[in-house]
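User: Hi, could you walk me through how the two chains in this model meet?
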Number of protein chains: 2
Amino acid sequence: VDIARALQAVVDAPGFLVDADIGPRYRGRGGQGSPMAVLRPTTTEQVAAILRLCHDARQPVVAQGGMSGLVDGGTPLGGEVVLSLERMHRIEAIDPQGRTMTAQAGTILQTAQEAAAAQGFLLPLDLGARGSATIGGTIATNAGGVRVIRYGMMRDSVLGLEAVLADGRVMSSLNRMLKNNAGYDLKHLFIGSEGTLGVVTRAVLRLRPAPRSVSTAFVGLAGFAQVTDLLAHLESHLAGTLSSFEAMWRGYDAFVRRLCPSLRPPLGPEHAFTVLVEALGSDAGSDAALFERVLAEAFERGIVAEAVIAKSDRDRAGFWAIREDAGEGFRKLGPSLTYDVSLPIADMDAFAASVESQIAARYPQATTLVLGHLGDGNLHVVAAVGSRDAAAKKTVDDIVYGAIRAVGGSISAEHGIGIEKKGYLGWSRTPVEIAMMHDLKRAFDPHGILNPGKVL
Amino acid sequence: VDIARALQAVVDAPGFLVDADIGPRYRGRGGQGSPMAVLRPTTTEQVAAILRLCHDARQPVVAQGGMSGLVDGGTPLGGEVVLSLERMHRIEAIDPQGRTMTAQAGTILQTAQEAAAAQGFLLPLDLGARGSATIGGTIATNAGGVRVIRYGMMRDSVLGLEAVLADGRVMSSLNRMLKNNAGYDLKHLFIGSEGTLGVVTRAVLRLRPAPRSVSTAFVGLAGFAQVTDLLAHLESHLAGTLSSFEAMWRGYDAFVRRLCPSLRPPLGPEHAFTVLVEALGSDAGSDAALFERVLAEAFERGIVAEAVIAKSDRDRAGFWAIREDAGEGFRKLGPSLTYDVSLPIADMDAFAASVESQIAARYPQATTLVLGHLGDGNLHVVAAVGSRDAAAKKTVDDIVYGAIRAVGGSISAEHGIGIEKKGYLGWSRTPVEIAMMHDLKRAFDPHGILNPGKVL
């Protein structure tokens, strides 16, 4: 009661929610437990005051951004103070010469993208949840998305940040330069650590020049060797502009044809693999011709069996819909488990075959689909095995993460660990690494108040 | 004596040097003090054994790479064990599909570059000391160089690494994927921390496709506004290929003409600024024409006053020599102090003017030159004030770092802190940041044996 009253005094009336005022937004997907209160601060100073009080009272805190994460990293387990950054959504500055944007953590990604575009720049991070994900959340999770092959992950767009430590100290590290080797680069502690080492309140983001052309193709290939040959060919001949290389495995095309009537596959049904390729160029006059020529060379060299280039934004949207909007088909498959993993490209086809055959052996009626950001080493697996209960989840988790462990891959490419993957962290990281993570946690959150029960 | 004997037993005979066998290489530029011994291990296990012994005996250790650093980060202060990685120089693997190289820390940068090139790849880090700098050293210092605008710093080429902690534990984090969000990204603790948190022994580096064309121009401009306009123009129209944008301030061209007779300035003497521009393309057929057209547009728009494009490798080498090989001129200027700083581009011209006028007020005979990787926010200042003694150094340090502090810049863009800049760290970083650096140091090197007296 004392801590609740003290916290309430830090913020204004809309900044403090309890009981029935705590809407589903703050409870997360699972709705595991009720938070003690929801705090919605509007300034860094308020965040600092909240954390200071919680630190002193050993009160657990879970920071929340847009709640679009897929591993329950922001889901309260029960009894926490939810610290929602949603009201800190100001874009504070855009520096066109330095090509930077300074924004508060609660800024919606799409809002930030649009503000950059209005000044002729690109904020390159892009992902399906762009309309709800926040700058702070995408930093805390080191979000990836569909342009990593060219621009890197969110980490690569963060020049500086401000974070509040567990004890309420404000670490202001708002670097604006591409190069800064003055001591340890502390921002990396907060990028991808899912709110367990501090709460990001502001960031300086690197902007890129807006592209002047977009070239998109949908490509059919006979086998995995051709897919990797195509990636090498495009990386070599479109270097610097290739922004997406999204591969869909054997079975995905048939699934789309069978269960997604609203999608229109642009190629014939005979290809073992289909790939969506996109390049963002800087010369509207010549980029399209170059893109076409490079694809034609791949055809002539026998790498590509069939390809179609988007002639309009509508074509482009249709290609992307096949990759991203197959939800109607997934629903028809029944309950499914989805995975986000990374592994060396050379191991991918054997991984996909192994996972599919192991799942089929255990669940003969199952459908297993594999697709993903192949150029980044990142695959997503969708396994519809007829159930999502704990036993099915454990069985399929063991199959997928076991196959990842066998090739030294990662159980999380871009989604993070959260609650979802916590039990498997040791399958991707060594005991020394995990011990070091605990060392960091102890050093910066000695009372363990920040997002307890997540990641570690 | 006991510790020395124990250390000697870890390595073979050429791996243990004392007294007169300790050559100047191991003493650093300043030669501040004599090391207790030099250890030259050949395996990670030996490095681990050495650190375990030193940790238990509270014996200071300074790790050394190629000893080409410019801030005395590897220079022994006296009594340390020097841990030279020079014998661990094996390139262990190149994976053409995954586009990675795995190499030991002592591998010479140029050797690694050449091994990548032999397989059709680019290891993008490049700097003047390529023939002596090592992979481990460039990781420990997060080296920058002349292609950062396109490829980032060394940090951006490190996918995974192996490091030995102060207590001898081996952290093996040899990730090979572009995306890996499985827990904290620990490698960043070792990148740029100058051997104070651990000793890097191996790394997995990201390779890029080898460029298929190089376009280089030397450009004259009337003022700073034109320089930043040119950068914006090139970033926008050569996006994805622009790899160098090296600006030379008012005075540099005159200095070259006066004191560097072996250099041949390709432009007239009337330009306030000269810029070396380079783009690495992927289409040998069309890149040169595009580069010329984009420069011609800059000329037509009145941004560029004069420009010449390299027609041969010899031309190209001549342009780069003006930027990089003015040593004969620097020597004629007499004793000089050099600086490596970063700051927002918008503040650069006022910074240069302020530094120059403050130095001139104090040292009327001084020559101050400003040049650098402008596209990265990184400038180098050369101040020939007639002396390099402690008083002159303090005076000019205060001027340069004071001007940096005033605009929120960094006292080290790419060289690191070492001994050289330690006293000024607080001019670029806040007390909370510095306290956090000490927290990290305590967490991972509780006895303070790793490179004591450096950085912090």
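Analyst: Before counting anything, it helps to know that a polar contact is a pair of N or O atoms within 3.5 Å, where within protein one atom must be able to donate a hydrogen and the other to accept it. Keep in mind, too, that this is a predicted model. By that rule, 46 residue pairs, both at pLDDT 80 or more, are in polar contact across the interface of chain A and chain B.

User: OK, and which elements of chain A give two or more residues to that side?
Analyst: They are helix 5 (148-151), strand 9 (170-173), helix 6 (224-237), helix 8 (287-300) and helix 13 (431-444) of chain A, and the largest share, 10 residues, comes from helix 13 of chain A.

User: What kinds of residues are on that side of chain A?
Analyst: The side of chain A that touches chain B divides into 37 nonpolar, 32 polar and 20 charged residues.

User: How many salt bridges are there between the chains?
Analyst: The count between chain A and chain B is 12, and one of the salt bridges joins A:Glu235 to B:Arg99, with the closest N and O atoms 2.3 Å apart.

User: And how much area do chain A and chain B bury between them?
Analyst: About 7,100 Å² is buried between chain A and chain B, with 54% of it on carbon and sulfur atoms. On the chain A side, A:Lys179, A:Asn181 and A:Tyr184 lose the most area to chain B, together 15% of what that side buries.

User: Switching topic, at what angle do helix 6 and helix 8 of chain A cross?
Analyst: Their axes cross at roughly 145° and come within 10 Å, and helix 6 of chain A passes helix 8 of chain A in a right-handed crossing.

User: Which residues make that contact?
Analyst: Helix 6 of chain A brings A:Leu230, A:His233, A:Leu234 and A:His237, while helix 8 of chain A brings A:Leu290, A:Val294, A:Glu297 and A:Ala298.

Definitions and conventions
Residues numbered from 1 in each chain as written. Chains lettered and ligands numbered in written order. Predicted model: local features only at pLDDT ≥ 70, side-chain atom pairs only at ≥ 80, totals over all residues. Heavy atoms only, no water. Buried area = accessible area lost by both parts, 1.4 Å probe. Salt bridge = Lys/Arg side-chain N within 4 Å of Asp/Glu carboxyl O. Polar contact = N/O pair within 3.5 Å; in protein donor to acceptor, adjacent residues only side chain to side chain. Helix = DSSP H or I, 4+ residues; strand = E, 2+ residues; numbered from the N terminus. Nonpolar A, V, L, I, M, F, W, Y, C, P; charged D, E, K, R; others polar. Axes fitted to C-alpha atoms, helices over the stretch in contact; angles between N-to-C directions. Left-handed = near helix turned anticlockwise from the far one by under 90°. Contact = heavy atoms within 4.5 Å.
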